[in-house]
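Could you guide me around this structure in my viewer, one selection at a time? I am new to this, so please tell me what to pick next and what is there.

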Amino acid sequence: MTDLGAVAKDVVELLEDAGIRKVAMDARKLDLPGALVVLQGVDTQRLGEGVLVSEWEVYLIAGDHGSFDALSDLGDMLEQVSSLAAEGDYEVTTLMLQNHGNTPFPAIRFTVVVESD
């Protein structure tokens, strides 16, 4: 059976082990600064072999405490996860969050690829 919930927990634990203190899969429960984890895709080509390859988008999100503090928070979190991005790609972006007002938050987005059996 394909247990994406168990893989999601592994991704959250990976980020926590890297030093990110606040990690959530539900934007409504996210405390800032923190990381939001979202399932991006599943490769079904190897599923018959018992291998699950999944892609997870991770958003490092700073609180709305002014530009300098937000950049400091993003820099600290980026340093902690600098080895986790697939192909080393990190993208600066903004993100709107449910239950967090109408202002987009500064964020850095990257992809984590997990292969599990």
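Begin by selecting Glu57 and Thr111: Thr111 is the bridge partner of Glu57 in S5. Keep in mind as you look around that this is a predicted model. The two residues also meet through their side chains, with a polar contact of 2.8 Å between Thr111 and Glu57. Thr111 belongs to strand S5. Is Thr111 buried or exposed? Its relative accessibility is 17%, and buried means under 20%, so Thr111 counts as buried. Glu57 is buried as well, because its relative accessibility is 4%.

**Strand S3 and its partners**

Now colour strand S3, residues 52–61. How many of the 10 residues of this strand are buried? The count is 9, so S3 is largely enclosed by the rest of the structure.

Add strand S5, residues 105–116, to your selection. S3 and S5 run antiparallel, and 10 bridges join them. Next, add strand S2, residues 34–43. S2 and S3 also run antiparallel, with 9 bridges joining them. For one spot along this pairing, pick Gly41 and look across to S3, where Glu55 stands opposite. While you follow the strands, a general point may help: in a regular strand the side chains alternate between the two faces of the sheet.

**Arg109 and its acidic partners**

Go back to S5 and select Arg109, which is found in this strand. Arg109 has a relative accessibility of 24%, so it counts as partly exposed. Show what surrounds Arg109: leaving out residues up to four places away in sequence, it touches Glu57, Val58, Tyr59, Asp89, Tyr90, Glu91 and Thr93.

Which residues form salt bridges with Arg109? One is Glu57, where the closest N and O atoms are 2.5 Å apart. This pair links distant parts of the chain, with Arg109 in strand S5, Glu57 in strand S3, and their positions 52 residues apart in sequence. The other is Glu91, whose side chain meets that of Arg109 at 2.3 Å, N to O. Glu91 lies in strand S4 (residues 91–95) and Arg109 in strand S5, so this pair ties together parts that are 18 residues apart in sequence. Salt bridges with shared partners join Glu57, Glu91 and Arg109 into one network.

Glu91 has a relative accessible area of 35%, so it is partly exposed, whereas Glu57 is buried at 4%. Try drawing a line between the C-alpha atoms of Arg109 and Glu91: they are 5.1 Å apart in space. In general, side chains of opposite charge can pair when their charged atoms come close.

How many salt bridges does the model have? The count comes to 3. To see one that does not involve Arg109, select Arg28 and Asp26, which form a salt bridge with their closest N and O atoms 2.9 Å apart.

**A pair of rings**

Next, show the aromatic side chains. The count is 1 aromatic pair. Select Tyr90 and Phe110, which form a tilted pair with 5.1 Å from centre to centre and 50° between the planes. The pair links distant parts of the chain, 20 residues apart: Tyr90 is in the loop between helix H2 (67–80) and S4, while Phe110 is in strand S5. Which ring residue is buried, and which is partly exposed? Phe110 is buried, with a relative accessible area of 1%, and Tyr90 is partly exposed, at 27%.

**A cis peptide bond**

Move on to Leu32 and Pro33, and look at the bond between them. Is this peptide bond cis or trans? It is a cis peptide bond, with omega at about -5°. For background, most peptide bonds are trans. Pro33 lies in the loop between strand S1 (23–24) and S2.

**Last stop: Val23**

Finish in strand S1, where you can select Val23. Val23 counts as buried because its relative accessibility is 18%. Leaving aside neighbours within four places in sequence, Val23 is in contact with Val12, Leu15, Glu16, Ala35 and Val37. You can also find Glu13, which is 10 residues from Val23 in sequence and 8.7 Å from it in space, C-alpha to C-alpha.

Definitions and conventions
Residues are numbered from 1 along each chain as its sequence is written. This is a predicted model: local features need pLDDT of at least 70, side-chain atom pairs count only at pLDDT 80 or more; totals for chains, interfaces and linings use all residues. Side-chain values use heavy atoms; hydrogens and water are left out. Helices (H or I, at least four residues) and strands (E, at least two) are DSSP runs, numbered from the N terminus. Buried means under 20% relative accessible area, exposed over 50%, partly exposed in between (1.4 Å probe, protein chains only). Contact means heavy atoms within 4.5 Å. Two strands pair if DSSP finds at least two bridges between them. A salt bridge is a side-chain nitrogen of Lys or Arg within 4 Å of a carboxyl oxygen of Asp or Glu. A polar contact is a pair of N or O atoms within 3.5 Å; within protein, one must be able to donate a hydrogen and the other to accept it, and residues adjacent in sequence count only if both atoms are side-chain atoms. Rings of Phe, Tyr and Trp (its six-membered ring) pair if their centres lie within 6.5 Å; planes under 30 degrees apart count as stacked, over 60 as edge-to-face and the rest as tilted.
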